[in-house]
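Welcome, and thanks for joining this short tour. Please open your viewer and have the selection tool ready.

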Amino acid sequence: QRARTCPFPLDGAMSLENCEEADARTFLRARMLKLYSSAEDRPVNIRFQDNLETSATFRATDASQGSLLVSQLQTPLGVIPSALLRQTDVVSLHFPLESAQTNHQGA
């Protein structure tokens, strides 16, 4: 029998399916918040709804994840020191991976 982690009572108003869906949403939200936390002060490539692609430094997101705060936003008109982007305007965020450096001393 599966242990319930859902905070809602299993009665007519909340089925096991709904409870599992709520658990999944909670898990995914926690993963996204962890991503945003680890992405702070890292370079990000941004693609917007109009297919414009640009780069910036990721700073933060608001609690509802509706807005993204970036710095050094590269635009055709120059660099914007700080900008608040609506999440609905953003198609994708790409965080380049840092090259893995290994220390082979003594090997």
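Before the first stop, one term: a residue is called buried when its relative accessible area is under 20%, and exposed when that value is over 50%. Keep in mind, too, that what you are looking at is a predicted model.

**The whole chain**

Start by selecting everything. Of the 107 residues in the chain, 22% are buried. Switch on the surface, if you like: its accessible area comes to about 8,200 Å², and carbon and sulfur atoms account for 54% of that.

Now change to a cartoon view and color by secondary structure. You should find one helix and five strands. Following the chain along its sequence, you will pass them in the pattern α-β-β-β-β-β. As for contacts between residues at least 6 apart in sequence, 31% of them link residues at least 24 apart.

**The sheet**

Next, select the strands. In what order do the five strands lie in the open sheet? Going across, the order is β4-β3-β2-β1-β5, and the pairing is antiparallel. In general, the strands of a sheet are paired through backbone hydrogen bonds.

Color residues 78-86 and 90-94 to pick out β4 and β5, the edge strands. Each has a single partner strand, so one side of each has no neighbour in the sheet. Turn the view to look across the strands: from one strand to the next, the twist averages 35°.

**Where β1 meets β5**

Zoom in on residues 43-48, which form strand β1. Four bridges connect β1 with β5, and the two run antiparallel. For a landmark in this pair, select N45 and look across to β5, where H94 stands opposite.

**A stop on the helix**

Move to helix α1, residues 16-39, and select S37. Is S37 buried or exposed? With a relative accessible area of 53%, S37 is exposed, because that value is over the 50% cut-off. Then add T61 to your selection and draw a distance between the two C-alpha atoms: S37 and T61 are 24 residues apart along the chain, and the separation is 9.1 Å.

**A stop inside β2**

Finally, select T57 in strand β2, which covers residues 53-61. T57 has a relative accessibility of 19% and so counts as buried, being under the 20% cut-off. Which residues does T57 touch, leaving aside those up to four places away in sequence? Show them as sticks: D41, R42, P43 and V44, together with L69, V70, S71 and Q72.

Terms used
Residues are numbered from 1 along each chain as its sequence is written. This is a predicted model: local features need pLDDT of at least 70, side-chain atom pairs count only at pLDDT 80 or more; totals for chains, interfaces and linings use all residues. Side-chain values use heavy atoms; hydrogens and water are left out. Buried means under 20% relative accessible area, exposed over 50%, partly exposed in between (1.4 Å probe, protein chains only). Contact means heavy atoms within 4.5 Å. Accessible areas come from the Shrake-Rupley method with a 1.4 Å probe; for residues, only the protein chains shown count as cover. Two strands pair if DSSP finds at least two bridges between them. Axes are lines fitted to C-alpha atoms, for helices over the stretch in contact, and angles run from 0 to 180 degrees between N-to-C directions.
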